[in-house]
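Thanks for sharing this one with me. Here are my notes, in numbered points, to read alongside the model.

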Amino acid sequence: MADATEQRSMAVPLTAFAAGAVISLLAGVFGKVHDPSLDATTTLGFATVIDMKVVLSVVVGVLAALQIVGALWIYGKLGISAPPWLGTAHRVTGIAAIVLTLIVAYHCLWALGLESGTFAGGGKVPTRVVVHGVLGCAVLGAVVVKVVAVRSRRAPGWFLPVAGGLLFTLLVVVVLTSAGWYIDAHGWPGSSGY
């Protein structure tokens with residue numbers, strides 16, 4: 001009986017990781033076959049789509065950091081008791097981070113696609129761009145895994161922290177290879193007159 005219970009509980013993370021992998025793969029395939037276009041994009045009031053993506057990506061990075069601190073606090077890993085409002089704040093910032101991530105991901109895939117090899121003009125696609133694109137697609141799958149981990153009541157106890165840690169790690173690398181790189185190369189959007 002214990003084996004059946006363990007198998008049933010392991011089915012949740014296995015299914016979630018499989019679904020996440022499929023979502024990541026589909027996003028990557030779409031990014032490769034779609035002809036990039038600025039049609040159907042928005043700047044949300046910023047000067048350019050790139051400016052909007054950089055600012056929203058930085059906000060996502062900050063929200064991801066707050067998520068880690070909030071989770072550690074909620075689970076008693078900071079050595080101080082969590083205030084009653086922290087659970088709600090954690091859920092709200094998590095939802096905001098996911099919504100902003102999806103907005104940025106849509107604009108990345110729709111306007112830029114998934115680049116590898118050489119650009120249409122013949123130039124070599126930098127390694128940073130390839131890493132960013134592949135891990136950006138992986139973020140979409142990790143979002144699926146994290147949502148399943150949060151919602152599941154039958155998953156093993158390790159699943160939620162692993163899913164959260166995976167999503168956090170991917171978000172940090174994706175933000176650093178996009179907004180971090182951009183700010184280092186060009187400054188904060190709108191500040192350098194590029």
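Which side chain of opposite charge is nearest to Lys53, and how far away is it? Point 1 takes this up, and the rest of the note moves outward from there.

1. Please keep in mind that this is a predicted model. In it, the side chain of opposite charge nearest to Lys53 is Asp51, 10 Å away. Lys53 has no salt bridge, yet it is buried. I would start your own look at the model here.

2. Lys53 lies in helix α2. Setting aside residues within four places in sequence, its contacts are Val104, His107, Cys108 and Leu112. Helix α3 covers residues 86-112, so you can follow this set of contacts along that stretch of the chain.

3. Ser57 is another residue of helix α2. Is Ser57 buried or exposed? Its relative accessibility is 7%, and because the cut-off for buried is under 20%, Ser57 counts as buried. Beyond residues up to four places away in sequence, Ser57 touches Val104, Val175, Ser178 and Ala179. Val104 is thus a contact of Ser57 and also of Lys53.

4. Now to the nonpolar interior. The largest nonpolar core holds 17 residues, and Leu56, Leu100, Val139, Leu167 and Leu171 have the most contacts inside it. Two or more residues of this core come from each of α2 (49-74), α3 (86-112), α4 (127-151) and α5 (159-186). Helix α2 gives the largest share, six residues.

5. Leu100 is a good residue to click on next. Not counting residues up to four places away in sequence, Leu100 touches Leu56, Val59, Val60 and Leu63. Leu56 and Leu100 are both among the core residues with the most contacts.

6. On the overall fold, the protein has five helices and zero strands, with the order α-α-α-α-α from the N terminus on. Of the contacts between residues at least 6 apart in sequence, 71% join residues at least 24 apart. The C-alpha trace spans about 60 × 35 × 30 Å along its principal axes.

7. Finally, some whole-protein values that may help with your setup. Of the 194 residues, 35% are buried. The exposed area is about 11100 Å², with carbon and sulfur atoms supplying 71% of it. The protein carries 11 positive and 7 negative charges, and the mean positions of the two sets are 12 Å apart.

Technical notes
Residues numbered from 1 in each chain as written. Predicted model: local features only at pLDDT ≥ 70, side-chain atom pairs only at ≥ 80, totals over all residues. Heavy atoms only, no water. Core = buried A, V, L, I, M, F, W, Y, C linked by side-chain atoms within 4.5 Å. Buried < 20%, exposed > 50% of the residue type's maximum accessible area, 1.4 Å probe, protein only. Helix = DSSP H or I, 4+ residues; strand = E, 2+ residues; numbered from the N terminus. Contact = heavy atoms within 4.5 Å. Areas by Shrake-Rupley, 256 points an atom, 1.4 Å probe, with all protein chains shown as cover. Lys, Arg positive; Asp, Glu negative; His and termini not counted. Charge placed at Lys NZ, Arg CZ, Asp CG, Glu CD. Salt bridge = Lys/Arg side-chain N within 4 Å of Asp/Glu carboxyl O.
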